[in-house]
Amino acid sequence: MVNQELARIFEEIADLLEIEGADVFRINAYRKAARVIDELGEDVADVAARSELTKIPGIGKGTAEKIQQYLAEGRITVHQELRSKLPEGLLTLLTIPGLGPKKVAALYKQLKVTTIEQLRSAIAAGQVEKLPGFGAKSVENILEGIGFLASSAGRTPLGIAWEIAENLVRDVAAFPGVRRAEAAGSLRRGRETVGDLDLLCEAKNGPAVVKAFTKLPHAKKVLAAGDTKGAITVFNPEGGEIQVDLRVVPAESFGAALQYFTGSKEHNVRLREVAAKKGWKLNEYGLFEGDRMLAGKDEAGIYKKLGLPFIPPEMREDRGELAAAKKLPKLVTLADIRGDLHVHTTASDGRNTIEEMAAAAKARGYCYLAITEHSKSSVIANGLSADKLRRHADKIRAVSGKLKGITLLAGVEVDVLADGTLDYPDSVLAGLDWVVASIHSAQGQERKKVTARTIAAMENPHVHAIGHPSGRLLGKRDAMDLDWEAVFAAAARTGTALEVNASWQRLDLKDVHVRQALEAGCHLVISTDAHATDQLDQIHFGVITARRGWAPPDRILNTWTIAQLRKWITAK
DNA sequence: GCCGTTTTCGGCCCGACTGTTTTCAGTCG
């Protein structure tokens, strides 16, 4: 948790320095430090204990000292000095769309405005409009920005954003003159939440397409409408509105634009550095040597020309993908998945029967499906008694015997109880083909306890995988305070797979933990935890998350044949 | 403030749109 606190403080230092008008590169260095600490797989205190802080890319002597000061004293001098100079409210003003550091500084210095309320009053009194650099229109925009802030849900979960984007891409593709349309941005990279949607389309007449875009019936507001770019907001089921940007580009630049707008911003900066070293320039129109275009029609051509392999969107996070370019792993794809090893039926809290789930899995082309109901302590989820579970297993096997082309595994999702014991005795678990162990209760226990529980479950020879290992629910419930290094080491040692739960509400393990687990030698299983046939589709989000953790197919159990899978189960 | 198959100093990615401006600053991605 200290990682996130430190990241927030570094971000705050960057924001405050920006208001002060400090050197941009110094500001960016703090932002970079914030990001790498936030994404660091392990506890920054452990890295500090090994005196390896400056080995983290983006952490130099200065930030390392500040991290050490924070670990020792719980404060950072520069941060405190900035906070005593600038009121806290300025950071809130900075979150208003359209209001940046320069304008916030002007509002503070000239009108003593430090809160949104004071800003409203100053606007009402006509003071803001008179400030140099402000005017009637900017005042209007600030008021709209305040309104957007109040109605915005913040970042939107990938699963929700995906559906909105699919519909909009279809709309845009249908505009006259549009040859193709695609979603870019963090959605294409598969980030677990997205801030806004970035769409891209190929067309000759930019202004006409932008006009059609801003006239979409579900456009709530029009934020911008230029010759090649439009921005609107649309209804967001998560609450409020979500911003959607559209860029219109010609065919010869489509790949460059797709690359550019897919980001991440940090990945693009690295890529431009590679281009600059060769004396070239890379922008959203293409890769150029002087005026001569070297690439831009498609993304792959740009990477190739720069001497790099095609880097999949999920890897473009500036997490070492350029440095590793010579030996990038071959990432798992949706087509590699041969089965789902965590689903429920009406026997516990699912909505479909064994037969229905099996038919849906077969329709997806799966070779196997594990039915894993809840265990008896999960009363709310209608968990099964040991007797009911035995009879259910018999039924699963009976149904499996009648099916052609797909094998059903009689499994269970057994609760790991608060004391680390499992919800069924070994004798019951021994009679099953596949056992997922999950924590559903006492998730707020201290680190030592939740870690010991998880490890105890893995040490049971009948447990084959740990379900949704962190227990988080995106935006709703925090992850358990696990000692991840200990968990990964135990998973590798005991030969227990860790689940990448594909439900977009969970995405658990998350991307950085997937990568860390793989480095520790763990095996993974991508499962939907589907409670209905249509939820089997969510496997897609699990695959994306695994790809973001650089997962190759051979380390993911459910890309294997059933024979390989059974061999691995027996080995445990 | 970081970083180094050119460097321990001098770089650090690039462009669109808007609004307030008479040529550009601020914001955003």
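Which residue in β10 does phenylalanine 288 stand opposite? In the views below, the partner in β10 is methionine 293. The model is predicted, and local features are given at pLDDT of at least 70, side-chain atom pairs only at pLDDT 80 or more, while totals for chains, interfaces and linings use all residues. Residues are numbered from 1 along each chain as its sequence is written, with chains lettered from A and ligands numbered from 1 in the order in which they are written.

**View 1. The three-stranded sheet β8-β9-β10.** This open sheet has antiparallel pairing; two strands pair if DSSP finds at least two bridges between them, and strands (E, at least two residues) and helices (H or I, at least four) are DSSP runs numbered from the N terminus. Its edge strands, β8 (281-283) and β10 (292-295), each pair on one side only. Three bridges join β8 to β9 (residues 286-289), and lysine 281 stands opposite phenylalanine 288 in β9. Another three bridges join β9 to β10. These two strands form a hairpin with two residues between them, and glycine 290 in the turn has a positive phi of about 60°. Neighbouring strands of the three-stranded sheet are turned by 35° against each other on average, direction ignored; axes are lines fitted to C-alpha atoms, for helices over the stretch in contact, and angles between N-to-C directions run from 0 to 180 degrees.

**View 2. The five-stranded sheet and its helices.** The strand order in this open sheet is β2-β4-β7-β6-β5, with mixed pairing. The edges are formed by β2 (180-183) and β5, each of which pairs on one side only. On average, neighbouring strands are turned by 20° against each other, direction ignored. β2 and β4 (residues 197-202) run antiparallel and are joined by four bridges; alanine 183 has leucine 199 as its bridge partner in β4. Helix α14 (residues 254-262) packs on the sheet, touching β2, β4 and β7, and its direction makes about 180° with that of β4. Helix α11 (residues 158-173) lies across β2, β4, β6 (229-235) and β7 (241-249), running at about 25° to β4. Residues count as in contact if their C-beta atoms, placed from the backbone, lie within 7 Å.

**View 3. The helix pair α20 and α21.** Helix α20 (residues 447-459) packs against helix α21 (residues 484-494) at an angle of about 5°, with the axes 9 Å apart. The two helices are therefore roughly parallel to each other, a term for angles under 35 degrees. Thr451, Thr454, Ile455, Met458 and Glu459 in α20 meet Ala486, Val487, Ala490, Ala491 and Thr494 in α21. The residues of this contact divide into six nonpolar, three polar and one charged; Ala, Val, Leu, Ile, Met, Phe, Trp, Tyr, Cys and Pro count as nonpolar, Asp, Glu, Lys and Arg as charged, and the others, Gly among them, as polar.

**View 4. The surface near DNA strand B.** DNA strand B is surrounded by 42 residues, of which the closest are Gly60, Gly100, Lys103, Gly135 and Gly226; a residue is near if its C-beta atom, placed from the backbone, lies within 6 Å. Elements that each supply at least two residues include α2 (24-39), α4 (61-73), β5 (219-225) and β8. Helix α15 gives the most, with six residues. By class, this surface has 14 nonpolar, 14 polar and 14 charged residues.

Technical notes
Parallel < 35°, antiparallel > 145°, perpendicular 65-115°, else oblique. Contact = placed C-beta atoms within 7 Å.
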